[in-house]
Amino acid sequence: MACLAFLNFKRRSKRVEDFQDHQPGTPSSICSTSSFGSSSSQSKKMMNHKINNNKMFFNNPAAGSLIASSVPRRFTWEEIEGLTMNFSSRVVGEGGFSTIYLSHFSDSILGALKIHGGNSERLNRMFKQELEVLLHIRHHNIVSLLGYCDEKEEGALVFEYIPNGTLYDKLHHGNEKEVLSWKSRMSIAFQLAQAIEYLHEECKPQIVHGDIKSSNILLDDQLNPKLCDFGFSKMGFSSTVIKSSMNPIMGSPGYMDPLYLRTGIASKKNDVYSFGVIILELITGIEAFCSEKEQLLTSVAGPIIRDANKVAEMMDPRVAGDLVQEEAKIMATISAQCLRQQSSLRPSMSEILHTMRDKISF
């Protein structure tokens, strides 16, 4: 498998636009989950908030309007300013392209408001692309869009707020009391697979997420996953991305399909590849990319990819047991299939779900 090195990658950066392929040697050691300090997912924690049945009350000083519909509402910019107390509310996430503000509704209900910064044509196009995708989807394992504002070039998206953090946080920066059990990890993987299958098979036109990673998977109080951040998503079976300053290849280190990097063509199998990396994260407890050692999990987890019988050597020591190891072998085999270089040989999400239903306990 061709591996990639990501040079000069800053910890706070979630997205990488241009990479160069290289052949890394066999690493002598693995990045431990405690070697990173603050994570990029923590600094860019995605927008989401917890609202029963997606119902929320919007406290409009002028009209006091009520939102109780599953259809996203179109806000005015004045209303957006009111939700964030004129953008003085707490920032719960930020990055190169956006800032996430804690938004305040009546009855102490909270939301997460994503503002796309900048006035460039590229960022405006990204906002419109994300909005178009979000208006087409509704799934219990995908963060809910409650409203939006497209009056200004910045663009604003209002999401449900989920305060329990991300899968990345739980796997790599949680304390001992927050360690995810094996059963929880398998439940998260299964529900995530359902969300991706929904995007690939049930949405018309079909949707490629394009940036599936543990920091884009929010967890609610019951540890149910919510896939978020559709800024790189594309609609249709596939779409060609021209490598240029106007439309560069984009993604996140450790999760990007090498085929996408070589060809610039986005397809459903890119998401399948990223899902395979998520499985490795769940099995090993190791980050997908170690910026300090410039190592990919797909490289250091070679023994699992090549021989599932060696899975015990790289199991997350925080989870143990005979049942765990047997199921881990099954999941390692699924991961190896997802990470195949030839995308046509990778399974579909429907096939992955079928295998998990038959062989994994939840």
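**Figure 1. Glu294 sits in the loop that links strand 17 (289-290) to strand 18 (295-296).** Strands here are DSSP runs of E with at least two residues, helices are runs of H or I with at least four, and both are numbered from the N terminus. Before going on, please note that this is a predicted model, in which local features need pLDDT of at least 70 and side-chain atom pairs count only at pLDDT 80 or more, while totals for chains, interfaces and linings use all residues. Residues are numbered from 1 along each chain as its sequence is written, and side-chain values use heavy atoms, with hydrogens and water left out. Glu294 has a phi near 50 degrees, a positive value in a residue other than glycine. Its relative accessibility is 35%, so Glu294 counts as partly exposed. For this label and its relatives, buried means under 20% relative accessible area, exposed means over 50%, and partly exposed is in between (1.4 Å probe, protein chains only).

**Figure 2. Met85 also has a positive phi, near 50 degrees, and is not a glycine.** You will find Met85 in the loop between helix 2 (77-83) and strand 6 (91-94). With a relative accessible area of 46%, Met85 is partly exposed.

**Figure 3. Thr298 is a buried residue, at 7% relative accessibility.** Thr298 belongs to helix 8, which covers residues 297-300. Setting aside neighbours within four places in sequence, Thr298 is in contact (heavy atoms within 4.5 Å) with Tyr273, Val277, Leu280, Ile305 and Leu339.

**Figure 4. Helix 5 (182-202) is mostly covered, with 16 of its 21 residues buried.** Its end C-alpha atoms are 29 Å apart, which agrees with the 30 Å that 21 residues should span at 1.5 Å a residue. That expected span is 1.5 Å times one less than the number of residues. Just beyond the helix, Pro205 lies in the loop between helix 5 and strand 11 (207-208). Lys204 and Pro205 are joined by a cis peptide bond, with omega about 0 degrees.

**Figure 5. Helix 5 packs against helix 7 at an angle of about 175 degrees, and their axes are 11 Å apart.** This makes the two helices roughly antiparallel. Angles over 145 degrees count as roughly antiparallel, those under 35 as roughly parallel, 65 to 115 as roughly perpendicular, and the rest as oblique. The axes are lines fitted to C-alpha atoms, for helices over the stretch in contact, and the angles run from 0 to 180 degrees between N-to-C directions. From helix 5, the residues that meet helix 7 are Trp182, Arg185, Ala189, Leu192, Ala193, Ile196, His200 and Glu201. Their partners in helix 7 are Lys268, Asp271, Phe275, Ile278, Leu282 and Ile283.

**Figure 6. Helix 11 (residues 349-359) has four names to look for on its buried side: Met349, Ile352, Leu353 and Met356.** Seen down the helix axis, these buried residues fall within an arc of 100 degrees, so they line one face. The arc is taken from the directions that run from the helix axis to the C-beta atoms. What covers them includes helix 5, helix 7 (268-284) and helix 10 (322-338). Over on the other side of helix 11, His354, Asp358 and Lys359 are exposed.

**Figure 7. Asn141 lies in the loop between helix 3 (121-134) and strand 9 (145-149).** Although in a loop, Asn141 is buried, at 1% relative accessibility. Its side chain makes a polar contact of 3.1 Å with the side chain of His140. A polar contact is a pair of N or O atoms within 3.5 Å; within protein, one must be able to donate a hydrogen and the other to accept it, and residues adjacent in sequence count only if both atoms are side-chain atoms. Not counting residues up to four places away in sequence, Asn141 touches Gln191, Gln194, Ala195, Pro225, Lys226 and Leu227.

**Figure 8. Ile162 and Leu171 each have a partner from elsewhere in the chain.** Ile162 is in the loop between strand 10 (156-160) and helix 4 (167-172), and is buried with a relative accessible area of 5%. Ile162 and Leu218 are 56 residues apart in sequence and 6.9 Å apart in space, C-alpha to C-alpha. Leu171 is in helix 4 and is buried, at 1% relative accessibility. The C-alpha atoms of Leu171 and Ile286 are separated by 7.9 Å, with their positions 115 residues apart along the chain.

**Figure 9. The whole chain has 11 helices and 18 strands.** Of its 362 residues, 56% count as buried. Among contacts between residues at least 6 apart in sequence, 68% join residues at least 24 apart.
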